[in-house]
Amino acid sequence: MSEINWSKAPEGATHFDPVDQNFLRVLDYALLLYNSSRGWTVPIYTYGTTISECKRALIKRPQWDSQGLPPVGEHVHIYDPEGVLMYGAGEDGEVIAYIEDTAVVRMSYGLGCFTAKHLRTAEQIAKEEREKVICDIARATGLRARDGVVEIATALYEAGYRKQEPAQ
């Protein structure tokens, strides 16, 4: 079987049927089939009307790993590690299109255009922040790697210990 080209998938596609070469979408509990002339329709016979009724072995769209731009339909968080964005930082949105190497994101206040370095999923941001805090804890202990500082810092983090900023 050849590789699925998810960039050719219609907006919102979440699954692919390798037998009939159809893109499908799970919307809440409903299962929708993409038809090039009619758009998203309810499949009744081949697939069923819900994902639990489907008897086909569908291929789920892989999650975006933050390499390159996220796929259309991906929910993202606008992340600004350098502090250079004039708007959008800290907002959540949905990728609705691309313009060259920029993703067009629909947010609560309108549309914004962002490069890949400014887009992360909530899980990716949480993981990055967790790793940063663990590194800070490890550095603050003064221990070396051979002393098991990463394991100690991780245990402290998971126990809920955080650096306390002095009150001003």
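Me: How many bridges join S6 to S7, and in which sense do they run?

Reply: Start with the general idea. Strands of a sheet pair through backbone hydrogen bonds, either parallel or antiparallel. Now the case here, in a model that is predicted. S6 and S7 run antiparallel and are joined by 3 bridges. One pair to find on screen is His75 and its bridge partner in S7, Glu94.

Me: Which strand pairs with S6 over 2 bridges?

Reply: That is S10, again in the antiparallel sense. Look at His77: its bridge partner in S10 is Arg120.

Me: In what order do the strands of this open sheet come?

Reply: Read across the sheet, not along the chain. The order is S9-S8-S7-S6-S10, with 5 strands and antiparallel pairing. The edges are S9, residues 110-114, and S10. Each of these two pairs on one side only. At the S9 end, 5 bridges join S9 to S8, residues 102-107, and the two run antiparallel. There Ala103 stands opposite Phe114 in S9.

Me: What is the strand order of the open sheet that holds S1?

Reply: That sheet also has antiparallel pairing, and its 5 strands come in the order S4-S3-S2-S1-S5. Its edge strands are S4 (39-41) and S5 (59-60), each pairing on one side only. S2 and S3 (residues 30-35) run antiparallel, with 4 bridges between them. Leu27 faces Ala30 of S3 across that pairing.

Me: How do I read a residue within a strand? Take Phe16: is it buried or exposed?

Reply: First, the general pattern. In a regular strand the side chains alternate between the two faces of the sheet. Then check the accessibility of the residue itself. Phe16 sits in S1, residues 15-17. Its relative accessibility is 6%, so it counts as buried, the cut-off being under 20%. Next, list its contacts, leaving out residues up to four places away in sequence. Phe16 touches Ile4, Trp6, Gln21, Asn22, Phe23, Leu24, Leu58 and Ile59. Ile59 deserves a second look. It is 43 residues from Phe16 in sequence, yet the two C-alpha atoms are 5.1 Å apart.

Me: And Thr41, is it buried or exposed?

Reply: Thr41 belongs to strand S4. It has a relative accessible area of 18%, which means it is buried under the 20% cut-off. Beyond residues up to four places away in sequence, Thr41 touches Leu31, Leu32, Leu33 and Asn35.

Me: What should I look for in phi, say at Gln21?

Reply: Look at the sign. Most residues other than glycine have a negative phi. Gln21 has a positive one, near 60°. Gln21 lies in the loop between S1 and S2. At 52% relative accessibility it is exposed, because the cut-off is over 50%. Glu100 is another case: it is not a glycine, and its phi is positive at about 55°. Glu100 is in the loop between S7 and S8. Its relative accessible area is 78%, so it is exposed too.

Me: How do I read a helix such as H1, and what span does it reach?

Reply: Compare its end-to-end reach with the expected span. H1 has 20 residues and reaches 29 Å from first C-alpha to last, close to the 28 Å expected. Then ask which residues face inward. The buried ones in H1 are Gln124, Ile125, Ile134, Ile137 and Ala138. The buried residues of H1 pack against S6, S10 (119-120) and H2 (149-158). Finally, check the end. Gly142 comes just after H1 and takes a positive phi of about 80°.

Me: How much space lies in the largest pocket?

Reply: About 550 Å³. Its lining has 25 residues, with Thr14, Arg61, Gly73, Glu74 and His75 the closest to its centre. Strands S2 (22-27), S6 (75-78) and S7 (92-99) and helix H1 (122-141) each give two or more residues to that lining. By class, the lining divides into 9 nonpolar, 8 polar and 8 charged residues.

Me: What about the second largest pocket: how much space lies there?

Reply: About 230 Å³. It is lined by 15 residues, and those closest to its centre are Trp6, Arg61, Pro70, Pro71 and Tyr98. The lining here has 10 nonpolar, 2 polar and 3 charged residues. Arg61 is worth selecting in the viewer: it is listed by the centre of the largest pocket and by the centre of the second largest.

Definitions and conventions: Residues numbered from 1 in each chain as written. Predicted model: local features only at pLDDT ≥ 70, side-chain atom pairs only at ≥ 80, totals over all residues. Heavy atoms only, no water. 1 Å grid on protein atoms, 1.4 Å probe; cavity = no way out; pocket = protein on both sides within 12 Å on 5 of 7 lines; lining within 4 Å. Points joined across faces, edges and corners; volume = space filled by probe spheres on them. Nonpolar A, V, L, I, M, F, W, Y, C, P; charged D, E, K, R; others polar. Pairing = 2+ DSSP bridges. Buried < 20%, exposed > 50% of the residue type's maximum accessible area, 1.4 Å probe, protein only. Contact = heavy atoms within 4.5 Å. Expected span 1.5 Å × (residues − 1).
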